[in-house]
Amino acid sequence: MSSNAITIAGISKRYTIGLAARKMNFREAIVGLATAPWKRMRHLAGHGSTATDFWALRDVSFDVRVGDVVGIIGANGAGKSTLLKILSRITPPTGGFIELDGRVSSLLEVGTGFHPELTGRENIFLNGAILGMLRSEIRRKFDAIVSFAGLEQFIDTPVKHYSSGMYVRLAFSVAAHLEPEILIIDEVLSVGDLHFRNRCLGRMRDMRDEGRTVLFVSHDLTSVRQLCNRAVMLISGRVAADGTPDEVTRRYEQMNRDPGTASGGMAERVNPPPHYHLSRVELRNASGAVTREFDAGDTMEIHLWASSRAPENSFTAEFRLLNDDDEPISFGSANPIRDTYYLAEHQHFVCRLGPLPLTEGAYTFNFTVRVWNQERWDFWERAIGFDIHRCDLFKTGHGVTNVHDGDFIIQQEWLVGD
Amino acid sequence: MHSPSRTLRIEPAQSWQGLNVAELWRYRELLYFFVWRDIKVRYKQTVLGALWAIIQPVAATALFTVFFGRLGGLSKQVNGSYALFVYVGLSLWTFYANAVTMAANSLVGSSHLIAKVYFPRLLIPIASIFSGLVDFAVAFAFLLVLMIVYHVPPSPQILTLPFFVLGTMTVAAGAGVLFSALIVSYRDFRYVFTFVVQLWLFATPVLYTIDIIPAKWRLLYALNPMVGMIAGFRAAVLGGPFPLDLVLVSAVASVLLLAAGLRYFTAVERRFADVI
């Protein structure tokens, strides 16, 4: 027996584009059945249908020793979530195998299965059971869960009457009372509320100190450096680096500064135009430094690089800003000045943005560039993300977070009426 | 997700995935919680609560008694009250139809859970069937009241009653599990399914006696597993000749249906998170 808690051996995952994005209906299935033999013949003849396949993970292998705290980092679309889903047995791998030695808990979010009609008490039992706790175990830990959440008074109130803060506190409290030997956790669940994020990290620190094995998927390089004793970086579904958190996070930062490899390549685009595309994007702060960390009220410069094989006139760019639930919350467009954009072989565009009226949390940009009136365009989904670290526009000393108070703050003026 | 302290191996999906009975047993408490949740939520969200369990079959009985009994002349074939005859059949049929419909739509309704947590997916449709039992118990209690009103004393055959309830659950599990998995992949089956359940009622002796089926066709007819369940249930409650041959054929058919449902479900369940 090895002392490995997790053995990941040659894991690959293929998605067929179109199938995952869209529900197949019965008619399509019948057509699919009828055309399958023909497709199979083409496939065998070497005209594979690989154009519609997307490899989210390719031959990923690494071991995690008992007691290790491993951070998985990588850009959006690098395969982190897919790896997490495979480890959590939500989706099967296409190839390879994984061995987990010990009692496993995996947390892709907190509060999974919470029902708004049920009371806090009822949801503790339901959520605990969904996370794999036994009824006897939940009963034993019940008081601790309630007091950790600080919800003694409201425990028999349906959670639909809870504020979002109370809801998250209760959900997190249940998860914090799991006692697995191996914890697989998505950092996404700690994004947003800074106070909540700190509690999540604190709880993970406890888990580490208790000698549990933790696999931690994260965007936040600082917490990876603080918590983990090892880090693994994924790029385009492959392991690109594996080593100490300092080494790996430094490499990650260097790569993101490196023009050629700014997160995401053409592999992630669906049906791009043949002769031009966005090649790189950077966010800069007021003093011109490249960063992904801003405070509310800061100004931001978006730098876009596009390349084209043939010069184009009437070229335009757009962005959509998404919150951490991936909902679009704002939009920007260069349309009003479209006639002035001229796309040459390598072109650099800048958009000055701000002051940012955003609340604390994580945000992402989608970009689109196109030539006016052409049908195809380059859509770069989740091209780059950034964090709003501090939002104290009201000068109260307390941050305003996108968990409690929405994503942005409208400029306002308060007066005393008659 | 919890697993005992031993190695868990995750591998690519195979199309011949067996039914993991040991794992289902380990997750029995989660099944209990799913059933408990369904029941709690259902009764919290309705004003009349358990009364719906009576209103539904009583209203249907009234409707069918007028249209099929009086106008359609079916009541002449029945000894005693046609309304009682129909209510007995409908109390079990309503349980069946509700259970199988909830089971069939249960996976799609739980897509969020499926995308975020691992547990045996089979628990979801199976829980829907158990949670329907509460309504059935209420409808059955009302049936006992009707028997007193109509002066129908129970016969010793009533001891066979649990068999038909279990049998109905087996049929509901078979069809529910099969359709729940089909609906995940092909949403069209939702509409097909509603239609199937409506037709199924008329292919089952709920509103008429099996006497209207020619004797030589009856065993073939009993391949519809609900035939034996309804006919047997009625004989258990109201007395009268016991249709043993129909019951046996239907019992075999229901086990085969369940096996087919489980076979299909286990072959595709690991794909659910990718397509749901």
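Me: Which strand of chain A do the 4 bridges join to β6(A), and is the pairing parallel or antiparallel?
Reply: Strand β5, residues 104-107 of chain A. The two run parallel. Bear in mind that this is a predicted model.

Me: Which residue is the bridge partner of A:L107 there?
Reply: A:I185, in β6(A).

Me: What about β7(A): how many bridges pair it with β6(A)?
Reply: 5 bridges, in the parallel sense. Strand β7 covers residues 213-217 of chain A. One facing pair is A:I182 and A:T213, the latter in β7(A).

Me: Is β6(A) buried or exposed?
Reply: Mostly covered. The strand runs from 182 to 186, and 5 of its 5 residues are buried.

Me: Which residues sit on which face?
Reply: A:I182, A:I184 and A:D186 are on one side. A:L183 and A:I185 are on the other. Both faces are covered, and these residues are all buried.

Me: New topic. Where is A:C200 found?
Reply: In helix α6 of chain A, residues 194-209.

Me: Buried or exposed, and why?
Reply: Buried, because 22 other C-beta atoms lie within 10 Å of A:C200. The cut-off for buried is 20 or more.

Me: And what separates A:C200 from A:D242?
Reply: Their C-alpha atoms are 25 Å apart. Along the chain, the two are 42 residues apart.

Me: On to the backbone. What is phi of A:R89?
Reply: Near 65°. That is a positive value in a residue other than glycine. A:R89 is in the loop between α2 (80-87) and β4 of chain A.

Me: Buried or exposed, that arginine?
Reply: A:R89 counts as buried, because it has 20 C-beta neighbours inside 10 Å.

Me: Which value does phi of B:H151 take?
Reply: Near 50°, also positive in a residue other than glycine. B:H151 lies in the loop between α6 (123-149) and α7 (161-185) of chain B.

Me: Is B:H151 buried or exposed?
Reply: Exposed. B:H151 has 7 other C-beta atoms within 10 Å, and 12 or fewer counts as exposed.

Me: Which way is the peptide bond from A:G354 to A:P355, cis or trans?
Reply: Cis, with omega near 10°. A:P355 lies in the loop between β15 (346-353) and β16 (361-371) of chain A.

Me: Now chain B. How many helices and strands?
Reply: 12 helices and 1 strand. Read along the sequence, the strand comes at the start of the pattern and the helices follow.

Me: How does its radius of gyration stand against a compact globule?
Reply: It agrees. Chain B has 20 Å, and a compact globule of 276 residues would be near 19 Å. The C-alpha trace spans about 65 × 45 × 35 Å along its principal axes.

Me: What share of chain B counts as buried?
Reply: 43% of the 276 residues.

Me: And how many of its contacts join residues at least 24 apart?
Reply: 80%, among contacts in chain B between residues at least 6 apart in sequence.

Me: Let's do the interface. How many residues does each chain put in?
Reply: Chain A gives 42 residues and chain B gives 33. On the chain B side, β1 (7-10), α2 (28-45), α5 (111-116) and α12 (272-275) each supply at least two. α2(B) gives the most, with 8 residues.

Me: How many residues on that side are nonpolar, polar and charged?
Reply: 16 are nonpolar, 6 polar and 11 charged, for the side of chain B that touches chain A.

Me: Which strand of chain A do bridges join to β1(B)?
Reply: β4, residues 95-101. The strands run antiparallel, with 4 bridges. A:E99 stands opposite B:R9 in that pairing.

Me: Last one, the core. Which residues touch the most other members?
Reply: A:F216, B:Y96, B:L123 and B:A172, in the largest nonpolar core, which has 149 residues. Helix α4 of chain B, residues 82-109, brings the largest share, 18 residues.

Me: What is B:Y96 in contact with, leaving aside its neighbours within four places in sequence?
Reply: B:T168, B:V171, B:A172 and B:M226.

Me: Which residues are among the other core?
Reply: A:F294, A:A296, A:L358 and A:V369 are among its 27 residues. That core lies apart from the largest one.

How values were computed. Residues numbered from 1 in each chain as written. Chains lettered and ligands numbered in written order. Predicted model: local features only at pLDDT ≥ 70, side-chain atom pairs only at ≥ 80, totals over all residues. Contact = placed C-beta atoms within 7 Å. Nonpolar A, V, L, I, M, F, W, Y, C, P; charged D, E, K, R; others polar. Pairing = 2+ DSSP bridges. Rg over C-alpha atoms; globule rule 2.2 N^0.38 Å. Core = buried A, V, L, I, M, F, W, Y, C linked by C-beta atoms within 7 Å.
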